[in-house]
Amino acid sequence: MEIATIILASHGTPGARAAEDAAIALAYEFGATLRHLLVVPDFWKGMMGDDWLNNAVTQIRFGHYVENQLAGEAAEEIDRLARAAGEKAIALSHVTKLGKPADCLMAECAQADFDIAIIGSPRPKGAAGYRSRLALEPLVRGLNTRLMVIPHPER
């Protein structure tokens with residue numbers, strides 16, 4: 001099996017970081033390039049706080065604040081992964097999308113010829129954090145690339 005290009009869907013949670021470790025190890029082993037896909041789930045798109053903000057100007061300011069926070073967090077994740085890939089001299093590119101994680105991964109894989117896609121598995125019950133739920137069934141049915149799902153580190 002030859003692997004020249006890997007796409008990694010990661011957003012920095014413990015499960016995603018396990019997938020990052022696996023992707024970096026595989027890229028290093030095969031001398032592959034790595035594409036980092038960071039998806040901001042689309043539920044943030046409508047986060048305007050209009051149930052408690054009382055005028056349009058305040059809603060717009062709050063919307064900009066949320067966007068800036070998300071952009072800052074995304075930049076931190078991208079930089080962290082870039083440093084980890086750089087330590088192994090792995091060529092890394094990245095893309096950030098807003099949408100449903102499975103749809104965004106399928107769209108990226110449809111646009112480029114990746115040898116494998118790597119994702120983390122869902123969080124186990126009781127693990128802290130928001131469950132954004134990567135829809136595995138549509139992903140498995142619709143993905144045109146081999147898929148590797150890395151077990152969550154708490155399993």
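Strands E1 and E4 pair in the parallel sense over 3 bridges, and within this pairing Ile7 stands opposite Ala117 in E4. The model in which this pairing appears is a predicted one. On E1, which covers residues 5-9, there is also a pairing with E2: 5 bridges join these two strands, which run parallel. Here the bridge partner of Ile7 in E2 is Arg35. Ile7 thus has a partner in E4, namely Ala117, and another in E2, namely Arg35.

From these strands the pairing can be followed further. E2 pairs with strand E3, residues 92-99, in the parallel sense over 8 bridges, and Val40 stands opposite Leu98 in E3. E4, for its part, pairs with strand E5, residues 146-150, in the parallel sense over 5 bridges. In that pairing Ile119 stands opposite Val149 in E5.

Two of these strands may be considered for their burial. In E4, residues 116-120, 5 of the 5 residues are buried, so the strand is largely enclosed by the rest of the structure. Ile116, Ile118 and Gly120 point one way from E4, while Ala117 and Ile119 point the other way. Residues directed to either way from E4 are buried. In E2, residues 33-41, 7 of the 9 residues are buried, so E2 too is largely enclosed by the rest of the structure.

The helix H1 belongs with E1 and E2, for E1, H1 and E2 make a right-handed β-α-β unit. H1 comprises 17 residues, 14-30, and at 1.5 Å a residue it should span 24 Å; its end C-alpha atoms are 25 Å apart, which agrees. An α-helix has 3.6 residues a turn, so residues three or four places apart point the same way. Among the buried residues of H1 are Ala16, Ala19, Ala23 and Ala27, together with Glu20. Just after H1, Gly31 takes a positive phi of about 65 degrees.

One side-chain arrangement involves Tyr28: Lys88 lies over the face of its ring, at 4.9 Å from the ring centre. The count of aromatic pairs comes to 0.

The chain as a whole can now be set out. Its secondary structure comes to 4 helices and 5 strands, and from the N terminus on the elements run β-α-β-α-β-α-β-α-β. Of its 155 residues, 40% count as buried. Among contacts with a separation of 6 or more, 78% are accounted for by residues 24 or more positions apart.

Methods:
Residues numbered from 1 in each chain as written. Predicted model: local features only at pLDDT ≥ 70, side-chain atom pairs only at ≥ 80, totals over all residues. Heavy atoms only, no water. Expected span 1.5 Å × (residues − 1). Buried < 20%, exposed > 50% of the residue type's maximum accessible area, 1.4 Å probe, protein only. Phe/Tyr/Trp six-rings, centres within 6.5 Å; stacked < 30°, edge-to-face > 60°. Lys NZ or Arg CZ within 6 Å of the ring centre and 35° of its normal. Pairing = 2+ DSSP bridges. Right-handed = clockwise from strand over helix to strand, strands pointing away. Contact = heavy atoms within 4.5 Å.
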